[in-house]
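Visitor: I'd like to go through some of the labels people put on a model like this one. Could you show it to me?

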Amino acid sequence: MPTEFKGFQFTGQLRPYQKTPRRTVPEHIMRPDYAEHPLGYPISEQEDRRNNSSIRVYTPAEIAGIREACRIGREVLDIAGAAVRVGITCDELDRIVHEATIERNAYPSPLNYHRFPKSVCTSVNEVICHGIPDLRELQDGDIVNIDISVYHNGFHADLNETFFVGNVNEDSVRLVKCAYESLGAAIASVRPGTLYRYE
């Protein structure tokens, strides 16, 4: 176990595993501004937060760009989900996501965002979100959330799904089902005139 975790009080059985080096992105792929920043700072995002206090309303052309990024993200998520099985590592899922994203002329958004070292977030069991892919093999009974973000022609798509690995216990099934039903209820409320948030 890495020395920085000595004495850490873990809440479950999961422990940090070895990680592989950061993957590279071909030069022809359009990048977000943080991709080459030494600390991974998203300068444009920070400026937008300072200068814009309203919720952005997109033009039809921008919505088309967002839809295309989301279509690509969905394809990549489906490819990654199809690869989930007992014995695969999250590092291998990262490779699959990285290559599938680049094949679609998109940039894997997590890569170097605030120095995140991988192209996808994989959160196993008790890891709530933004887990870093490593060389631990997925085990029978695990659940894994695969959080895909892609950057295409100036727009990010961000979507995720939780997958069962082999034979999963009833509590895990109930957790994933409840989260899915909550998402469905939220989506069902989306219509013209619905507030972005409730006061």
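Visitor: What makes the crossing of α2 and α3 right-handed or left-handed?
Guide: Keep in mind that this is a predicted model. A crossing counts as right-handed if the near helix is turned clockwise from the far one by less than a right angle, and α2 passes α3 in just that right-handed way.

Visitor: Why are α2 and α3 called roughly antiparallel?
Guide: Their axes cross at roughly 150 degrees and come within 9 Å. Angles over 145 degrees count as roughly antiparallel, so α2 and α3 get that label.

Visitor: Which residues make the contact?
Guide: From α2 you have Val76, Ile79, Ala80 and Ala83, and α3 brings Leu93, Ile96, Val97, Ala100 and Thr101.

Visitor: How many residues of each class does that contact have?
Guide: There are 8 nonpolar, 1 polar and no charged residues. Thr is not on the nonpolar or charged lists, so Thr counts as polar.

Visitor: And what lines the largest pocket?
Guide: It takes 31 residues, with Glu45, Tyr58, Phe155, His156 and Ala157 nearest the centre. By class, that lining has 16 nonpolar, 8 polar and 7 charged residues. The pocket's volume is about 1300 Å³.

How values were computed
Residues are numbered from 1 along each chain as its sequence is written. This is a predicted model: local features need pLDDT of at least 70, side-chain atom pairs count only at pLDDT 80 or more; totals for chains, interfaces and linings use all residues. Side-chain values use heavy atoms; hydrogens and water are left out. On a 1 Å grid over the protein atoms alone, a cavity is a set of points where a 1.4 Å probe fits but cannot get out, and a pocket is an open set with protein on both sides within 12 Å along at least five of seven lines; lining residues have an atom within 4 Å of a point. Grid points are joined across faces, edges and corners, and a volume is the space filled by probe spheres set on the points. Axes are lines fitted to C-alpha atoms, for helices over the stretch in contact, and angles run from 0 to 180 degrees between N-to-C directions. Helices (H or I, at least four residues) and strands (E, at least two) are DSSP runs, numbered from the N terminus. Angles under 35 degrees count as roughly parallel, over 145 as roughly antiparallel, 65 to 115 as roughly perpendicular and the rest as oblique. Contact means heavy atoms within 4.5 Å.
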